[in-house]
Every structure is written in C-alpha cells, then in structure tokens.
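Reader: Hi! Could you take me on a close look at one part of this model, and then show me how the surroundings fit in? I would enjoy one connected walk-through.

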Amino acid sequence: MMRDEDVDALLRSRRYEDAFGLILDRYQERVFRLAFSILKEAGRAEEVTQDIFLKLWQALPIYDGRAALSTWLYTIARNRCFSTFRKESMRMTAPLEGPAEPCREETVSQHAEIKQLLERLPKVQREVITLFYFQDESIQDVAQMLDLPENTVKSHLHRARLALAEMMRN
Amino acid sequence: MDCQNAKEKLLESFESALSDDVKGQLENHLTTCPTCERFGELLNQIHAQLKEAITAPRLSPGFRAALQARIDRQPRGLWTHWLPDVAYLAGSGAAILCCVFLLPFPASSVLWIGALIATTGYSFQTLLLSSVEEV
C-alpha cells in the first residue's frame, strides 16, 4: 500500500516519474469521483481529471511538502472542477450518471426517484452524500476530498438523510 | 433513551458502528416507540436506495494512455519554474555592475546597496508569488 511519505521521498530524490506513477495509482479514481460529483458528467469529469493530473505533473518540481500531498492534490482538483463548473454551468443539468447496468423496472424507478430527491438537496449535502457512497462510506475520504472536518461531513450527512426522509414521507 | 437520542443514534449508525451498550438501548427504545421504529425503517430504506443508485463511476481504460500522450506533448516545465529567478538574478547582477561603473560613488558601497535592493526585491516577489499561487 502506497503512502504519501513514499511519494515525498521520491520527490526529494527528484524521481518525478516514479512519484507521479504512485500518485496516479492511489488518487486517479478518487480525483475522478470528486470531479464527477461536481460536474456530474463522466466524459467531462475524465477530461478535467486529465487536466488536474497534467497540472500536478507540471507542478511536482515545486511541491515543497508543506501541505499533505492529498490536501494539495484535492485543492488543485476542487479549484479546477469549480472553475469548469462555473464556465459550463449551462451543462450542469445532466442527472447523476453511473455505469450502465441492466436493472429491473422497479429498481430503475427507485433509482430515478432517489436521484430526483438528491437533486433537491443543497449542493454541499448532495456532494457529501454522493462522495460518501462513491468512497465506500468513508467519512475520512470525503473529509479529505472536500477539505472539511469529519464532524462537518457527518453533520451534512445527517441533514441530508433527514431531508430525504422528510421528502419521502411527503 | 428518548426519541431525540434515538434519532441521533439511528443517523450515526450509518457512518460508524454503535457500541453494544448504545445498540442495546436503541433496540429497547425501538421496540417501545413505533414512531422511531418507522423512522429507522425509512432511514434503512433510504440508505439501501442510495447505495444502489450511487455507484462509483470508473475511469475509462484509456485514461492513462491519453494522459501520457498529453504529458509527452508538454515540456516538463522545470526550466520555466527556474527561469524567472535566473532572469531576475542575472538582471540584478548586470544592473549593479552598470551602477558600479557609471555612478560616482565607491564601488563597494554601490555593490552593497545594489545587493541589498536586489535581495529585498527577490524576497518580496517570492512572498507575493507564494501568496497568489493557486497550487
């Protein structure tokens, strides 16, 4: 299991390609999920993920280790995603997408219903709950990705569940 | 355990395992309170639906190759990070030398003052750069 310290050591010895390979192994899917949770379109999220790692590659020689690697990377990722989101806000009406899979009619309608309800949540709650399920229900991962304290993530999750429960009751 | 506590513990149970003690108290409460029991069932239903509906997307198999192709088309950028510093120091050095030859003051004084100004300027631009840098 790769640790951020391993990357730091490689960067100190200027082995940028090895360090970059390790970073990709560990973070490429996470960054993609973060981008997807913000942009909601797989193709665009993948393109932006490429941009983020390209920028990271160019910036590796000036990484000074003051911030944790994950914090640094997720900061680049969020900034890039939000600037893309702002530029292309007209494209943000697409619903949440997952990989295509055969579903029964009833399941499809349940998925559609819960996704519609998710769309009615405040943005931050929707992002937190989406990432929570993307990241195998890890509060720690979500907190790192969004640069929020773990308790804040929990509080957003509670509010989101309460709001969804209220909407389902009605 | 009252209803408010039960509600909080039910919400918490989706993020971290409850202790056996709390779990026991919650189960006792749920057997005596149909409202909280229904709330718990609703939360379970929501959790199950979210888990099914929100499936993590995966990058396409060609992601790494496409990224590598873009990287190959770009210069590393290491030199471009150094270039402003090198240009600044070379420019400062040249300016100080010109002043040494042109100004009617002792060369050592001009050198010291020039070096002081160049160093202050360099420190200021470094601070400014780090405060506005995006990454």
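Author: Happy to! Asp147(A) lies in the loop between α7 and α8 of chain A, and please keep in mind that this is a predicted model. The phi of Asp147(A) is near 55°, a positive value in a residue other than glycine. Is Asp147(A) buried or exposed? Asp147(A) counts as exposed, because it has 11 C-beta neighbours inside 10 Å and the exposed class takes in residues with 12 or fewer.

Step back from that loop and you meet helix α7 of chain A, which covers residues 139-146. Here Val142(A), Gln144(A), Met145(A) and Leu146(A) are buried. What do the buried residues of α7(A) pack against? Their partners are α2, α4, α6 and α8 of chain A.

A second positive phi belongs to Lys40(A), at about 65°, and Lys40(A) is not a glycine either. You will find Lys40(A) in the loop between α2 and α3 of chain A. Lys40(A) counts as buried because 20 C-beta neighbours fall inside 10 Å, and 20 or more is what that class asks for.

From there we can turn to the nonpolar interior. The largest nonpolar core has 53 residues, and those touching the most other members are Val31(A), Leu34(A), Ala35(A), Ala77(A) and Val128(A). α2(A) gives the most to this core, with 10 residues. Take Ala35(A) as an example: leaving aside residues up to four places away in sequence, Ala35(A) touches Ala45(A), Val48(A), Thr49(A), Ala77(A) and Cys81(A).

Now for the partner chain. In this model, 41 residues of chain A are in contact with 30 residues of chain B. On the chain A side, α2, α3, α4, α5, α6 and α8 each supply at least two residues, and α3(A) gives the most, with nine. By type, the residues on this side of chain A divide into 22 nonpolar, 12 polar and seven charged.

One last stop, in chain B itself: Gly40(B) sits in helix α3 of that chain, residues 34-53. Gly40(B) counts as buried because it has 21 C-beta neighbours inside 10 Å. Not counting residues up to four places away in sequence, Gly40(B) touches Leu10(B) and Leu30(B). Gly40(B) and Leu30(B) are 10 residues apart in sequence, with 8.4 Å between their C-alpha atoms.

Notes
Residues are numbered from 1 along each chain as its sequence is written. Chains are lettered from A and ligands numbered from 1 in the order in which they are written. This is a predicted model: local features need pLDDT of at least 70, side-chain atom pairs count only at pLDDT 80 or more; totals for chains, interfaces and linings use all residues. Two residues are in contact if their C-beta atoms, placed from the backbone, lie within 7 Å. Helices (H or I, at least four residues) and strands (E, at least two) are DSSP runs, numbered from the N terminus. Ala, Val, Leu, Ile, Met, Phe, Trp, Tyr, Cys and Pro count as nonpolar, Asp, Glu, Lys and Arg as charged, and the others, Gly among them, as polar. A nonpolar core is a set of buried Ala, Val, Leu, Ile, Met, Phe, Trp, Tyr and Cys residues joined through C-beta atoms within 7 Å.
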